[in-house]
Amino acid sequence: MNTPLFRASSLLAVICIFSSLSSFSQQPAIPATTEGDHVVKDFKFRSGESLPELRLHYTTLGKAARDAQGRVTNAVLILHGTGGTGHQFLTPIFANELFGPGQLLDAARYFIILPDGIGHGKSSKPSDGLHAHFPSYDYDDMVAGHYKLLTEGLGVNHLRLILGTSMGCMHSFVWGEAYPDFMDALMPLACQPVEVAGRNRIWRKMTMDAIRNDPEWKGGEYTAEPQQALRTVLDFLLIAGSAPLYMQKTLPTRDAADKYLDDYFKTRLAGLDANDFLYQVNASRNYNPSPQLEKITAPVMYINSADDFINPPELGIADREIKRVKNGRFVLIPVSDETRGHGTHTKAVVWKQYLAELLEKSAR
């Protein structure tokens, strides 16, 4: 079947929605998972604000293994995109390609950690009650929170791999600079290791302005979601996450395209909160790993897709910046029937051969 399937996997999650139902058939079962919360007391944000209790939700597969010195040897941290959660990686196009018996990240061998970032999923976020009074977090705060989750909550003192998609891709670069000895390898998918600027910044600011300028937002103290603002947000997300070749093939007529758009709004509006989204997008405002890329020492397999609206290859940024990473390699996946624009980051069959290379190269 070629019917597009909606999957809320990351902001840019629309982004992961462009997959066919056929990808769900004849697949192995997803391994059993465990969920939990770690609460960090008096968490201080870079803005100077703090929370008495910061809740960090996580999902795990497998168990940690340690060497004779007590160092964890098999932990894998997988980081989601803006608006997503760790659960997005349990979808068949990801989990059934990687987590099953004999696969690259076999849950019987690896301890796989799928956290919800600050402001996302079941972790602390504005819609829990603070609304626009929630601390103004950024990517450094989100990485610091995950570091505390690993070291204090899960007892993980080393990572075999960090794999991140979209926002998680950007977090991977932050991790590599902030904690260069903490991981054996990094695999960032679908981002740029520079300040968010140009068209990427403009469309993000347009969505934030749409929320702030909607009278129904009421300074963040709305009792009903500001519908016009959220429709504008979804318009931009659909364009940012679109894969032109795939959409043309699966929506070949005007009526098919119109129905797809109607269904898209019906599916996505119900799960969107204006304050949460505003904070999620605003969190990228300070991101800029470029000045310190030389600090990254772990092997890096950095991948973008040529049909990615958010990270278009003609900018030449990825090719230029990866040369400054000591053990870095950049791969640009060409457009094909298998790519899904920005959402190619979650379709593991497209890039898993490069993960195999990275794991082999970084084996100790």
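The following points comment on a predicted model of a protein chain, covering confidence, cores, helices, the disulfide and selected loop residues.

1. Confidence. The chain has an average pLDDT of 93, and 92% of its residues reach at least 70. Two stretches stand apart from this. Residues 1-10 have a pLDDT below 50, and the model gives this stretch 44 contacts beyond near neighbours in sequence. Residues 13-26 likewise stay under 50 in pLDDT, with 54 contacts beyond four places in sequence. A reader should keep these values in view when looking at the contacts of either stretch.

2. The largest nonpolar core. This core comprises 48 residues, and the members that touch the most others are Ile 118, Leu 150, Val 156, Leu 159 and Trp 175. At least two residues each come from strands E3 (34-44), E4, E5, E6 (111-115) and E9, and from helices H2 (139-153), H3 and H9 (317-322). The greatest contribution is that of H3, which supplies 6 residues. Leu 150 illustrates the packing: outside its neighbours within four places in sequence, Leu 150 contacts Leu 77, Ile 113, Gly 155, Val 156, Leu 159, Trp 175 and Phe 182.

3. A separate core. Apart from the core just described lies another, of 30 residues, including Ala 95, Ile 303, Ala 348 and Trp 351. Ala 348 and Trp 351 also appear among the buried residues of helix H10, the subject of the next point.

4. Helix H10. This helix runs over residues 348-361, 14 residues in number, and spans 19 Å between its first and last C-alpha atoms, close to the expected 20 Å. H10 nevertheless has a kink of about 25 degrees, centred on Tyr 354. Tyr 354 is itself buried, as are Ala 348, Val 350, Trp 351, Leu 355, Leu 358 and Leu 359 of the helix. The cover over these buried residues includes helix H1 (92-98) and strands E7 (161-165), E8, E9 (300-305) and E10 (328-333).

5. Helix H5. H5 also has 14 residues, with a reach of 20 Å from first C-alpha to last, close to the 20 Å expected. Its buried residues are Ala 229, Leu 230, Val 233, Leu 234, Leu 237, Leu 238 and Ala 240. They pack against three helices, namely H4, H7 (254-268) and H8 (274-282).

6. The disulfide. The model contains 1 disulfide. It joins Cys 169 and Cys 191, whose sulfur atoms are 2.0 Å apart. The link is left-handed, with -60 degrees about the S-S bond. Cys 169 belongs to helix H3 (167-178), whereas Cys 191 sits in the loop between strand E8 (186-189) and helix H4 (198-212); the two are 22 residues apart, and the pair links distant parts of the chain. Both cysteines are buried.

7. Positive phi angles. Most residues other than glycine have a negative phi. Two residues merit inspection in this respect. Ala 190 has a phi near 75 degrees and is placed in the loop between E8 and H4. Ala 190 counts as buried because its relative accessibility is 5%, under the cut-off of 20%. Lys 218, which is not a glycine either, has a positive phi of about 55 degrees and lies in the loop between H4 and helix H5 (227-240). Lys 218 counts as partly exposed because its relative accessibility is 48%, a value between the limits of 20% and 50%.

8. Asp 307. Where does Asp 307 lie? Its place is the loop between E9 and H9. With 13% relative accessibility, Asp 307 counts as buried. Not counting residues up to four places away in sequence, Asp 307 touches Ser 242, Ala 243, Val 335, Thr 339, Arg 340, Gly 341, His 342 and Thr 344. Its C-alpha atom is separated by 36 Å from that of Lys 148, and the two residues are 159 apart along the chain.

9. Ala 65. This residue is located in the loop between strands E4 (50-61) and E5 (75-79). Its relative accessibility is 30%, so Ala 65 counts as partly exposed. With neighbours within four places in sequence left aside, the contacts of Ala 65 are Arg 71, Val 72, Thr 73 and Asn 74. Between the C-alpha atoms of Ala 65 and Asn 282 the separation is 37 Å, the residues being 217 apart along the chain.

Note on methods. Residues are numbered from 1 along each chain as its sequence is written. This is a predicted model: local features need pLDDT of at least 70, side-chain atom pairs count only at pLDDT 80 or more; totals for chains, interfaces and linings use all residues. Side-chain values use heavy atoms; hydrogens and water are left out. A disulfide is a pair of cysteine sulfur atoms within 2.5 Å. Helices (H or I, at least four residues) and strands (E, at least two) are DSSP runs, numbered from the N terminus. Buried means under 20% relative accessible area, exposed over 50%, partly exposed in between (1.4 Å probe, protein chains only). The expected span of a helix is 1.5 Å times one less than its number of residues. The bend at a residue is the angle between axes fitted to the seven residues ending there and the seven starting there. Contact means heavy atoms within 4.5 Å. pLDDT is the predictor's confidence in each residue, from 0 to 100. A nonpolar core is a set of buried Ala, Val, Leu, Ile, Met, Phe, Trp, Tyr and Cys residues joined through side-chain atoms within 4.5 Å.
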